[in-house]
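Here's a quick briefing to read alongside the model. Keep the sequence and the 3D view open as you go.

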Amino acid sequence: MESIDDILASVKAEYEEKDNPKLLHKSQQLKEKLVNPHAIAPSVEVVENFPLQPGKNNLSYSHEDSVLAQVKAEFEEQEKAQNLKEQQQLAEKKIKQEQIKQQQREALASQAKEWLKNLNPLSEEGLWFEEFAYAYPAKLDAAIDYLQALRETQP
């Protein structure tokens, strides 16, 4: 007789085998247990949680509830794994977007350096840029924002 904990451990091993094919034999053991329901015995906790009903085969009732509880736990575990996977995918996507944004900013920084070298400080644009850059800690930051704004407004 195996307890629910043993069965749950087998279910967990089944889901972990997707990442590690070495655990395939445990999955097959679990399937054999599910095919032969007499091999699964209800635990003391499951039996205690379900009251006896007169006129029914309580042993069979507890056994069915045990299997249902196992299936329910299996689905809950699948759902948790799916939610965790989705959260990881979102986090990875966010990190990738930040990396792309950083790469774009680095590319724009090299263009901004070149633009600053060629900027005539006494021209109309140069005088405007001096006022614009006054609020920034560095002219390079101001040039990056200025060039980015120009890109966004140009078709």
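**Two helices that cross**

Helix 5 and helix 6 sit roughly perpendicular to each other, a label that covers angles of 65 to 115 degrees. This is a predicted model, where local features need pLDDT of at least 70 and side-chain atom pairs count only at pLDDT 80 or more, while totals for chains, interfaces and linings use all residues. Residues are numbered from 1 along each chain as its sequence is written, and side-chain values use heavy atoms, with hydrogens and water left out.

**How helix 5 meets helix 6**

- Helix 5 covers residues 124-133 and helix 6 covers residues 139-153; they pack at an angle of about 110°, with axes 9 Å apart.
- Those axes are lines fitted to C-alpha atoms over the stretch in contact, and the angles run from 0 to 180 degrees between N-to-C directions.
- On the helix 5 side, the contact (heavy atoms within 4.5 Å) uses Glu125, Trp128, Phe129, Glu130, Phe132 and Ala133, and they meet Lys139, Ala142, Ala143 and Tyr146 in helix 6.
- Sort the residues of this contact of helix 5 with helix 6 and you get 7 nonpolar, no polar and 3 charged.

**The nonpolar core**

- The largest nonpolar core (buried Ala, Val, Leu, Ile, Met, Phe, Trp, Tyr and Cys residues joined through side-chain atoms within 4.5 Å) has 12 residues, including Leu108, Trp115, Phe129, Ile144 and Leu147.
- Helix 4 (58-118), helix 5 and helix 6 each supply at least two residues of this core.
- Helix 6 gives the most to this core, with 5 residues.
- Ile144, one of the core residues, is in contact with Arg105, Leu108, Ala109 and Ala112, leaving aside its neighbours within four places in sequence.

**A look at Arg105**

- Arg105 lies in helix 4 and is partly exposed, with a relative accessible area of 33%.
- Partly exposed is the in-between class: buried means under 20% relative accessible area and exposed means over 50%, using a 1.4 Å probe and protein chains only.
- Not counting residues up to four places away in sequence, Arg105 touches Asp141, Ile144, Asp145 and Gln148.
- Arg105 and Gln148 are 43 residues apart in sequence, yet 9.0 Å apart in space, C-alpha to C-alpha.

**The whole chain**

- The protein chain has 6 helices and 0 strands, where helices are DSSP runs (H or I) of at least four residues and strands (E) of at least two, numbered from the N terminus.
- Buried residues make up 23% of the 155 residues in the protein chain.

Definitions and conventions: Parallel < 35°, antiparallel > 145°, perpendicular 65-115°, else oblique. Nonpolar A, V, L, I, M, F, W, Y, C, P; charged D, E, K, R; others polar.
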